[in-house]
Amino acid sequence: MNAQGKLIGLVLVLLVSMLLVFVDSGQGAEWASVTDDRLLNADKDPNNWLMYYRTYNGWRYSPLSQVNRQTVRKLVPKWIFSFGELGDQEATPVVNNGIMVVTSASPTLTRQRVFALDAATGELLWKYEAKLPEDLTAMVRLIPQNRGAAIYQDKVYFGTIDARLIALNAKTGEVVWEGAAADNKEGFHISAAPLAVKGKIIVGISGPGEMGQRGFVEAFNADDGQSLWRTYTIPAPGEKGNETWPGDTWKNGGGAVWLTGTYDPESNTLYFGTGNPAPWIAQMRQGDNLWTNSSIALDADTGLFKWGHQHLANDPWDYDTAVEHLVMDLRRDGRLVKAVVQANKLGFVNIIDRTEGRLVSADLFATNVTWFKSRDPVTGKGIPNYALTPQMGGPPVEICPAVLGATPWAHRPYNPETGYMYIPSIESCMRYKYEAELKYQQGKMFTGAAYELFTKADQAGVLRAFDVAKGQVVWEWWNKAPLVGAGAITTGGGLVFIGTPEGKVVATDAKTGEQLWEFNVGMSVSGSTVTYSVGGKQYVATVAGGINRQAVWFSKEPKLADVARKMSFGGAVVGFGLAE
Amino acid sequence: MRSFALPVIVVCAVAVAWGYSQGGALPRINEAGSLRFCADPNNLPFSSQDPQHPGFEMELGRAIARELGLKADFVWMPTQRGAVALRQLVEGRCDLFMGLPLDKRFLDDNPRLTLSAPYYSMGHVVVLPEGTVIREMKELRDKPVAVEFSSLGDIFAFEQAYSRQTHRSQADLFWAVATGEAAAAIMWSPIAGWMLKTNPESKLRLMGLQGRSLEFHIGVGVRKTDADLKDAVDGVLLQLGQRNTVADILKRYGVPISTQAAGDQPAKAETNVGESLYGINCSPCHGFDAKGGGLAANLTTFKETDDAFVRAVLNGRPGTPMQPFTGLLTEEEVRQILAYIKGLPK
């Protein structure tokens with residue numbers, strides 16, 4: 001909105017902060033330009049995984065079926081590529097014409113890397129290393145993760161934890177341009193993979209919900225990095241919704257945009273989930289706090305706000321709903337609904353009419369959910385029990401789910417053949433309290449809450465299949481550790497793949513939930529799996545490694561202490577294929 | 001009341017050359033069956049000839065001797081003149097000298113001495129009337145602050161431009177606040193703690209005070225040539241520390257374990273800061289009780305030094321979920337967290 005024509009410090013091929021390694025690319029894989037046409041028709045291109053969710057609708061569904069319910073037993077590791085890092089890896093790779101582009105994060109806080117690999121052999125084609133400044137602000141020091149890169153035409157785009165956006169030459173890994181998307185000193189960073197839409201690179205900003213800034217989505221020109229528009233998640237004075245913030249609290253109100261958006265080409269609309277308000281202490285920002293914890297729709301060309309729907313007003317519990325919105329047309333009560341569907345921390349699957357932002361239905365998918373006291377008789381939406389808000393400096397309250405929510409940031413794929421959405425979820429509770437006082441300080445944590453996680457169930461992790469048309473859970477696959485970060489995918493072979501904090505990659509039957517295959521990669525998995533085909537052979541690749549820090553939060557829970565103790569460290573992509 | 005003499009912080013020059021050389025000290029000491037300490041006969045809470053209250057240095061000395069299977073003997077020597085007192089050790093009239101500062105200037109000036117590992121930190125505290133709401137030193141600007149003339153507390157107050165009210169002894173400072181003559185006093189933490197314990201009717205409280213050169217790690221003085229004795233003492237101190245023997249002894253004399261958690265009733269605001277910082281930064285993994293579980297360490301039983309704790313928090317532990325908190329927390333904030341953890345049940 002305000003950033004029209006702002007040149008974001010674009011610097012051509014600045015060698016100061018980069019390190020470039022050239023490796024002979026060998027034969028075979030050659031870069032094919034990623035055109036608008038290819039992205040818009042990605043659903044008809046089974047061999048590639050061209051963007052974060054594979055397709056604009058956010059389904060994470062690949063039609064490939066060589067690896068299927070029958071053959072998956074013969075799935076074996078074909079190659080392993082090590083990042084040389086020990087921190088949490090949360091990336092989703094993209095694959096174009098046999099070339100995989102994947103990012104890594106480093107707990108040393110000194111670097112972020114981008115690798116181009118031969119997707120059939122795991123061989124390195126090129127590597128780029130972004131150097132990071134020493135004076136990073138608080139939040140990113142704890143979560144220096146990166147979720148992946150976007151590819152568009154002949155460039156690779158990724159964000160850094162000091163809030164830069166960098167464009168690389170996809171064939172060589174050389175910097176084409178780079179610029180600051182926002183100021184890290186204010187607490188902003190980029191963790192989400194960008195989304196390429198019609199010549200624009202769309203970026204959601206991370207940090208505000210914990211650092212006390214104002215969240216936003218921004219579009220940059222893919223050619224030169226110039227800012228085209230920026231839309232804040234929190235309205236300024238004079239804009240509708242600003243009245244839901246007392247005084248100047250809107251300036252530090254949070255509403256981060258943690259995850260990549262989805263896109264509906266028909267209406268040219270982008271959909272995002274927004275994060276929790278800041279600080280976490282609800283009494284410090286009395287009011288609904290729009291548009292935190294909301295679904296929002298923006299015009300892709302101008303960034304203009306089309307509609308918003310808030311899932312939880314004046315959030316006291318860090319239940320941010322910054323999840324992806326799956327674009328689909330579905331039948332509900334005999335009527336066709338042009339919908340976006342999302343499942344979030346609150347434990348509900350929400351079906352929203354995407355043309356106007358009206359909530360059609362909210363169906364509960366989780367078991368341990370105590371934050372609401374009753375439900376809206378029409379939509380089923382939970383009506384919060386604000387009596388469970390802690391007092392500042394008072395004793396902890398017990399509430400479920402915990403801050404990680406009923407489903408966190410592990411993505412929820414949709415398989416059009418089964419009609420099921422697969423929800424990596426967590427059954428957990430927390431003891432949650434507010435500190436007696438909190439003041440905003442730029443660059444410092446602005447949360448003000450402390451918490452301890454526990455679980456009532458014997459296991460904390462569960463993958464659930466949710467029948468979107470019927471609005472109910474149809475099967476569950478249980479796992480000891482919470483399914484925190486590892487994104488699931490589903491395929492035309494009738495499979496769902498997911499990684500676990502214990503270090504396993506698992507395939508289940510998409511229809512029944514029966515576990516058909518697993519492989520122990522030897523390190524906690526917090527990254528995503530993708531599937532693609534090279535030379536007529538289907539591959540499955542998983543970003544593994546890290547300590548799955550959030551799973552460690554459960555180590556106080558006696559039922560899970562042993563699982564936590566066995567978690568081990570690493571950082572790699574593991575490529576699987578069928579045994580020959 | 002008699003004025004307090006500090007365990008020899010005073011810089012002394014030792015002239016006479018002496019010392020038992022080769023062969024080490026332990027065979028000789030074992031043969032004698034006793035470990036000899038040089039100590040002041042009248043310097044509570046540090047040391048005293050009074051069998052009811054022998055002083056924490058003497059109680060700790062006894063504990064060290066007991067661990068080594070020896071009897072403790074005391075060579076009484078007033079310490080007002082530090083150089084003379086230290087000469088007793090250098091010249092071999094005793095084997096150990098309790099309560100010396102691990103300070104480079106002190107060690108440089110006493111090249112024949114070495115020190116054991118530190119067993120506590122002696123710092124400064126602010127003594128205040130019980131009912132005052134003062135939370136930080138800087139709230140005392142423009143109010144009369146009692147200090148001992150030409151002491152470290154005096155230098156601190158002078159440099160920080162407080163309104164100094166000078167007195168001749170540490171004890172006078174305490175009574176200056178108790179009688180309302182001064183708004184507050186800057187005192188050595190063990191002396192303030194002991195006076196508060198023995199004079200509960202004074203209705204005073206202690207508040208932690210941090211500042212450059214206000215705190216010293218305190219160890220046991222040993223002749224440099226007695227390296228085997230030093231190693232033995234280090235080993236015993238480690239064990240006594242782990243069994244909380246040192247902390248228990250200090251507590252009996254009201255000595256604040258560190259200046260951040262001064263006295264039995266630490267300044268409330270200070271503790272709250274540590275608690276709040278702990279809650280936001282540490283509790284997700286280590287729990288509200290700091291006892292950890294799974295991959296998270298039990299912080300209440302942290303066995304290394306305060307400095308090691310600070311390093312572990314600021315630098316993290318690579319290859320574990322413990323990430324570096326540099327940039328999130330300052331060293332001072334980590335010490336506030338540590339003070340809070342030390343007050344939690346183990």
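**Exercise 1.** Determine where B:Pro45 lies in chain B and which form the peptide bond from B:Leu44 to B:Pro45 takes.

*Solution.* Step 1: B:Pro45 is placed in the loop between strand 2 (42–43) and strand 3 (47–48) of chain B; helices (H or I, at least four residues) and strands (E, at least two) are DSSP runs, numbered from the N terminus. Step 2: the bond from B:Leu44 to B:Pro45 is cis, with omega near 10 degrees.

The model is predicted: local features need pLDDT of at least 70, side-chain atom pairs count only at pLDDT 80 or more, and totals for chains, interfaces and linings use all residues. Residues are numbered from 1 along each chain as its sequence is written, while chains are lettered from A and ligands numbered from 1 in the order in which they are written.

**Exercise 2.** Locate A:Trp291 and describe the peptide bond that leads to it from A:Leu290.

*Solution.* Step 1: A:Trp291 belongs to the loop between strand 17 (269–273) and strand 18 (294–299) of chain A. Step 2: the peptide bond from A:Leu290 to A:Trp291 is cis, and its omega is near -15 degrees.

**Exercise 3.** Establish which residues of helix 8 of chain B are buried and how they are arranged about the helix axis.

*Solution.* Step 1: helix 8 comprises residues 227–242 of chain B and reaches 23 Å from its first C-alpha to its last, close to the 22 Å expected at 1.5 Å a residue; the expected span is 1.5 Å times one less than the number of residues. Step 2: the buried residues are B:Leu229, B:Lys230, B:Ala232, B:Val233, B:Val236, B:Leu237 and B:Leu240. A residue is buried if 20 or more other C-beta atoms, placed from the backbone, lie within 10 Å of its own, exposed if 12 or fewer, and partly exposed in between. Step 3: seen down the axis of helix 8 of chain B, the buried residues fall within an arc of 160 degrees, so they line one face of the helix; the arc is that of the directions from the helix axis to the C-beta atoms. Step 4: on the other side of this helix, B:Gln239 and B:Gln242 are exposed.

**Exercise 4.** Compare the phi values and the exposure of A:Gln153 and B:Ala161.

*Solution.* Step 1: A:Gln153 is not a glycine, yet its phi is positive, about 50 degrees. Step 2: with 15 other C-beta atoms within 10 Å, A:Gln153 is partly exposed. Step 3: B:Ala161, also a residue other than glycine, has a positive phi near 60 degrees. Step 4: B:Ala161 has 9 C-beta neighbours inside 10 Å and counts as exposed.
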